[in-house]
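Biologist: Could you walk me through this structure, one residue or element at a time? I am new to this, so plain sentences would help.
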Amino acid sequence: MDPFQYVSHANRVIFGQGKRNLAKEELVNLGIKKAIVLSTPQQVELAYEIGEVIGELCGHIYTDAVQHVPIETVKDAQSIVEKLNIDGLVAVGGGSSIGLAKAIALNTSLPILAIPTTYAGSEMTPVWGITENNIKKTGTNVVVKPKAVIYDPNLTITLPQNFAVTSGMNAIAHCAEGLYAENANPIISLYAEEGVRALSNSLPKIIENPDDMDARSEAQYGTMLGGMVLGSVGMALHHKLCHTLGGTFNLPHAETHTVILPYAIQYNAEHAPKAIKALARALQTTEKDVPGVLFDLAHSLGISMSLKDLGMKESELNQAAELATKNPYYNPRPVNKEGIQELLQLAYQGKRPV
Ligand code: NAD
């Protein structure tokens, strides 16, 4: 067996239908006396529902979180936190709500209780991001990792079908790249393989029957594992490319992950045989067809998925390839501009990898 390092930053996870009703107990466990509930304008109703659940521990409800955590929103919410002597943060929603809580925690060290409603997985990572002057700075600090997480699959019922699939592909991407990470280790690889299995098994069932609560639970379980992988080992080409496409070309987060993943895995396949074997087991397919099966999953709603469909221009592919290869980073297969240009061209056309 190869030598390895494994670091875990423990947090408490409560998992199950209806468990959002335990939010108050979790705040008490954390010693929080006056919390702020943070969410997005689209989830005001849910934010108020959680406000009611935590009762007298609710000091304020703030619902102006938006994608990519603009510094202006952080300052605005943090000024309320300071003015009201808030001593704990309750993030309700996807990566945007949790991202705002993390940014405030970075500045104040306040504890976070996260109640995630998408499959992005941010609740299980110590990674933060803040956007200032159109540039998203990211970093890692254990202080921002939520101290407790409540996964309540009932909260994912309202996810639109297409977002359930793309957000689920985002979670699969965390697992897939974790399998060939530079600091991959056998423990995280177990989580990663099981995460891909759980998500690839549950997503088609959710599409077929949106009320299938077993499938919804399994998808959130896979999400949790994906978040643990993302928070523990380094990512590679796929995440780097998605970061470039999101940051510079303003493409949507989950959809971009969905489009790029099959081609990034195809690009790396021959240089990551152990990871491909694990993916083939999890996806119940042959090693050769792993990129194709990921593509099929991404297209399982029957919606065309390509960089072109996301609004990228063919003329921008060259600049994207240049940006994504400018600074060296770890990837199992060496990254060069021609190779990435070819990958992006395939993703632009959106054809099934062969
Ligand atoms: P999001 O949080 O931006 O949510 C997208 C939209 O869906 C929002 O309008 C939200 O209100 C709505 N929504 C969320 N849950 C819903 C539900 N159950 N029903 C109906 N609508 C719902 O999207 P996301 O993909 O969860 O997060 C993306 C952001 O998170 C990006 O900025 C990304 O960079 C960040 N992220 C960070 C990490 C990390 O570890 N730091 C990990 C993954 C993603």
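Modeller: Leaving aside its neighbours within four places in sequence, serine 202 is in contact with Ala215, Glu218 and Ala219. Please keep in mind throughout that this is a predicted model.

Biologist: Where does serine 202 lie, and is it buried or exposed?
Modeller: Serine 202 lies in helix 6, and it counts as buried because its relative accessible area is 0%, where the cut-off for buried is under 20%.

Biologist: And what does the side chain of serine 202 reach?
Modeller: That side chain reaches the backbone oxygen of alanine 198, at a distance of 2.7 Å.

Biologist: Let's move to the core. How many residues does the largest nonpolar core have?
Modeller: The largest nonpolar core has 39 residues, and those with the most contacts inside it are Tyr119, Ile172, Leu261, Ile265, Leu279 and Val290. Two or more residues each come from helix 5 (161-179), helix 6 (186-208), helix 7 (213-232), helix 9 (253-268), helix 10 (273-283) and helix 11 (290-298). The largest share is the nine residues from helix 5. As general background, nonpolar side chains in soluble globular proteins tend to be buried together.

Biologist: Tyr119 is on that list, so which residues is tyrosine 119 in contact with?
Modeller: If we leave aside its neighbours within four places in sequence, the contacts of tyrosine 119 include Thr156, Leu159, Ala164, Leu203, Arg216 and Thr223. Apart from the core we discussed lies another core, of 31 residues, with Ala77, Ile98, Ala101 and Ala105 among them.

Biologist: Back to helix 10, then. Which of its residues are buried, and what do they pack against?
Modeller: Its buried residues are Ala275, Ile276, Ala278, Leu279, Ala280, Ala282 and Leu283, and the buried residues of helix 10 pack against helix 5, helix 6, helix 9 and helix 11. Just after helix 10 comes glutamine 284, which takes a positive phi of about 55°.

Biologist: Switching to rings: how many aromatic pairs are there?
Modeller: The count comes to one aromatic pair. Phenylalanine 15 and tyrosine 151 form this pair, with 5.8 Å from centre to centre and 40° between the planes, and it is described as tilted. The pair links distant parts of the chain, since phenylalanine 15 is in strand 1 (residues 12-15) and tyrosine 151 is in strand 8 (residues 148-151), 136 residues apart.

Biologist: Are those two buried or partly exposed?
Modeller: Phenylalanine 15 counts as partly exposed because its relative accessibility is 33%, whereas tyrosine 151, at 0% relative accessibility, counts as buried.

Biologist: What sits over the ring of tyrosine 267?
Modeller: That would be the charged end of arginine 333, which is 3.8 Å from the centre of the ring.

Biologist: Now strand 2: which residues are on each side?
Modeller: In strand 2 (residues 35-38), Ala35 and Val37 are on one side while Ile36 and Leu38 are on the other, and all of these are buried, which leaves both faces covered. Strand 2 also pairs with strand 3 (residues 58-62) in the parallel sense, over four bridges, and isoleucine 36 stands opposite histidine 60 in strand 3.

Biologist: One last spot: where is threonine 125 found, and is it buried or exposed?
Modeller: Threonine 125 is found in the loop between strand 5 (112-116) and strand 6 (127-132), and it is buried, with a relative accessible area of 2%. A polar atom of the side chain of threonine 125 lies 3.1 Å from the backbone nitrogen of valine 127.

Conventions. Residues numbered from 1 in each chain as written. Predicted model: local features only at pLDDT ≥ 70, side-chain atom pairs only at ≥ 80, totals over all residues. Heavy atoms only, no water. Core = buried A, V, L, I, M, F, W, Y, C linked by side-chain atoms within 4.5 Å. Buried < 20%, exposed > 50% of the residue type's maximum accessible area, 1.4 Å probe, protein only. Contact = heavy atoms within 4.5 Å. Polar contact = N/O pair within 3.5 Å; in protein donor to acceptor, adjacent residues only side chain to side chain. Phe/Tyr/Trp six-rings, centres within 6.5 Å; stacked < 30°, edge-to-face > 60°. Lys NZ or Arg CZ within 6 Å of the ring centre and 35° of its normal. Pairing = 2+ DSSP bridges.
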